[in-house]
Amino acid sequence: MIEINSRCVHDAPEKRTTKPHQLPIYATSSFEFDSIQQGMAVFSGQEEGHIYGRFGNPTIDSVAEKITSLETHGLHIPAKGILVSSGMGAISTLVLSVLKSGDKILTQGNIYGGTSALFKGFIAKFGIETINGDLKNPEQLEAMLKKDASIRMIYFETPANPTLACLDIQMITGLARQYNCYAAIDNTFCTPYLQQPFQFGVDFIVHSTTKYLNGHGNSISGIIIGKDVELMQTKVYPGMKLNGTNSNAWDAWLINNGIKTLALRMERHSENALQIAQFLDKHTNVERVNYTGLPSHPDHHLANRQMRRHGGMLSFEMTGGLEAGKTFMNKLQFCTLAPTLGDVDTLILHPASMSHISVPKDIREAYGITDGLVRISVGIEDVRDIIRDLEQALN
Ligand SMILES: Cc1ncc(COP(=O)(O)O)c(C=O)c1O
């Protein structure tokens, strides 16, 4: 028998013989070994096991495996996923793990603003330069790759903020392979339920799981998935461990819970968004609607080829510019003004007065972010409530 004060310190011995029905939250920073032999086997990689929370734990790894299985569903390809601290953590860990000083990233101007800032303001300090090109244009893309062998990664999003412009994943990955560079895609807007970029040959997929994968706006995390398992194990995994960009059990558990309804949610987000896009398209105070589900969207056919449905993101252009945009936002009663996306409730953003307030007008307009542009992350509520609110705020 040990003393009472030691009893306080030590956990009761594990006697459980049944498996928990739900994924447990492993709130532990390290794992213990039965013997020195076992410790040596796990440390040396001969035996599978957990060592220290920064390297992964059963909750975190289970969620990484689940998202990886969704991204590879039906494709019969191997892949490895690593759950990390945030979407930004996923992008920075990937880039710093697989690129080196002197390498270049080729991307375009309409990716998530945080990613542009990361590439230009932070990754650049490590000697990895980012250049912009028109990734829609295969001739220009090929000319850039041919001219500059130091381009080692093409990084892109499709559909992209805020105009929902799409890129041809197969065309980009084909050229990337031909010119010996990686193709990396941010699949946050679609989730693997709507779009599986591995099907079109990409090397890496990143997500901000903070958005649709979690779906309830209550966790921050990200994931990196690569189909070269050895590269993931020898470069990206050590990059995550050494940078300390690991996720944590609580956020992982919340994502796991969210994913259980991913298919249902994405169907409903898509259904609601289509009805809202059709409503806005007919409204006299709306100049233009950007939704790939509308046949009038320039990338409607490309999106049909790459996506199962058209998702929950749309934007529209109000007549009346900045003032009209601000008045509209203040009149909303049901929808919420918030700078995130992918939650179960409808979230609205006016980029010119919110996310892009500090970006000079000419620069934001070059990427379609005009004064009257409003972005909606359509929720899964009853669509009649969303439309009623939009209607009263528009009129
Ligand atoms: C498309 C996209 N990628 C990445 C990120 C960054 O994700 P996080 O906020 O989880 O770091 C965001 C955030 O809004 C995003 O919209």
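The points below cover one sheet and the helix packing in this predicted model.

1. The sheet is open and has seven strands with mixed pairing, in the order 1-7-6-5-4-2-3. Its edges are formed by strand 1 (80–84) and strand 3 (129–132); each has a single partner strand, so one side of each lacks a neighbour in the sheet. From one strand to the next the twist averages 20°.

2. Within this order, strand 4 (residues 151–157) pairs with strand 5 (residues 182–186) in the parallel sense, over five bridges. Ile154 is placed opposite Ala183 of strand 5.

3. Helix 7 (residues 169–178) lies across strand 4 and strand 5. The helix runs at about 150° to strand 5.

4. Helix 4 (residues 87–98) packs with helix 9 (residues 229–243) at an angle of about 120°, and their axes are 9 Å apart. Angles of 65 to 115 degrees count as roughly perpendicular and those over 145 as roughly antiparallel; helix 4 and helix 9 are therefore oblique to each other. The crossing of helix 4 past helix 9 is right-handed.

5. On the helix 4 side, the contact is made by Thr93, Leu94, Leu96, Ser97 and Val98. Helix 9 contributes Leu231, Lys235, Val236, Gly239, Met240 and Asn243. Of the residues in this contact between helix 4 and helix 9, six are nonpolar, four are polar and one is charged. Glycine is counted among the polar residues here.

Terms used:
Residues are numbered from 1 along each chain as its sequence is written. This is a predicted model: local features need pLDDT of at least 70, side-chain atom pairs count only at pLDDT 80 or more; totals for chains, interfaces and linings use all residues. Axes are lines fitted to C-alpha atoms, for helices over the stretch in contact, and angles run from 0 to 180 degrees between N-to-C directions. Helices (H or I, at least four residues) and strands (E, at least two) are DSSP runs, numbered from the N terminus. Angles under 35 degrees count as roughly parallel, over 145 as roughly antiparallel, 65 to 115 as roughly perpendicular and the rest as oblique. A crossing is left-handed if the near helix is turned anticlockwise from the far one by less than a right angle, and right-handed if clockwise. Two residues are in contact if their C-beta atoms, placed from the backbone, lie within 7 Å. Two strands pair if DSSP finds at least two bridges between them.
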